[in-house]
Amino acid sequence: MNRFVLSLATVFATVTLFSCGAQKQGTSTGNPGYGSSNTSATSGPSASEWKSAVKGTWTLNSIDRENLPSTFTIKSVFEEAPAECFVGSTWNFIGNGKGSITFNAQGTLCAPGASREIFWSIYNPGKGLGEPQFQFKKIYAGDKAKNVTTGYRLDLSYSDGNKLVMKMPLTVSNGEAYLVLNFSRVN
């Protein structure tokens, strides 16, 4: 009888966990609470909800520009490659923090088939201090994640289980702008 109750409780917890995916639609000025005076604890999903929503394999379908002047050029994204080389790339986020970005785009400066190992997590600024952010650091051959001190943070904008939107904040002369990364789930 105890096994039956335990099994039933496990099924209920699993269904509850997967039905509570992170769903937050960002505004045109960024995430409510992050980088603004709105620090309400109810403004978005928790860091653990975001982690559950982000885990898995994703394809980066497009990179949009938000509030970026048309004359603003972006030579490299994540100090890795031009933005067009990231479109079509596969991002794999394993639950233990390990991950990879595999490039698929063709182009003069692109390297189709190349893969970059990463270590990722959800940054939690703390209650009332802003919204959780996706963060990752590149791991080169021979590196240990704990010894790598530089990386990148993206604002988490939206996820519904099949779609994920992250925003890379950029500072420009007329204020803040974003590169908006639009993903679809592979599995």
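**Hairpins, a helix face and one disulfide**

The hairpin of β6 and β7 has three residues between its strands, and G161 takes a positive phi there, near 100°. This comes from a predicted model, and the same caveat goes for everything below. The two strands on either side of that turn, β6 (residues 152-159) and β7, run antiparallel and are joined by four bridges. One pairing worth picking out puts S159 opposite L164 in β7.

On its other side in sequence, β7 turns into β8 through a second hairpin, this one with two residues as the link. The pairing of β7 with β8 (residues 175-185) is again antiparallel and takes in ten bridges. Within it, L170 has A177 of β8 as its bridge partner. So how covered is β7 itself? Strand β7 spans residues 163-172, and seven of these ten residues are buried, which leaves the strand mostly covered. As a general point, side chains in a regular strand alternate between the two faces of the sheet.

Stepping back to the whole protein, there are three helices and eight strands. Read from the N terminus, the order is α-α-β-α-β-β-β-β-β-β-β. Of the 187 residues, 39% are buried. Among contacts with a separation of 6 or more, 52% are between residues 24 or more positions apart. The accessible surface comes to about 10,600 Å², and carbon and sulfur atoms hold 54% of that.

Helix α2 is a tidy case to look at next. It covers residues 47-54, with A47, W50, A53 and V54 buried. Seen down the axis of α2, these buried residues fall within an arc of 120°, so they line one face of the helix. After α2 comes G56, another glycine with a positive phi, in this case near 130°.

Strand β3 (residues 98-102) is where I101 sits. Is this residue buried or exposed? The relative accessibility of I101 is 3%, and because the cut-off for buried is under 20%, I101 counts as buried. What surrounds I101, once neighbours within four places in sequence are set aside? The contacts are F86, S89, T90, W91, A114, S115, R116, I118 and F136. For one of these, R116, the C-alpha atom lies 5.1 Å from that of I101, although the two residues are 15 apart in sequence.

That leaves the cysteines. A search of the whole structure turns up one disulfide. The partners are C85 and C110, with their sulfur atoms 2.0 Å apart. The bond links distant parts of the chain: C85 belongs to helix α3 (residues 83-86), while C110 lies in the loop between β3 and β4 (115-123), 25 residues away. Which hand does the disulfide have? The torsion about the S-S bond of C85 and C110 is about -90°, so the disulfide is left-handed. Both C85 and C110 are buried.

Conventions
Residues are numbered from 1 along each chain as its sequence is written. This is a predicted model: local features need pLDDT of at least 70, side-chain atom pairs count only at pLDDT 80 or more; totals for chains, interfaces and linings use all residues. Side-chain values use heavy atoms; hydrogens and water are left out. Buried means under 20% relative accessible area, exposed over 50%, partly exposed in between (1.4 Å probe, protein chains only). Contact means heavy atoms within 4.5 Å. Accessible areas come from the Shrake-Rupley method with a 1.4 Å probe; for residues, only the protein chains shown count as cover. Two strands pair if DSSP finds at least two bridges between them. The arc is that of the directions from the helix axis to the C-beta atoms. A disulfide is a pair of cysteine sulfur atoms within 2.5 Å.
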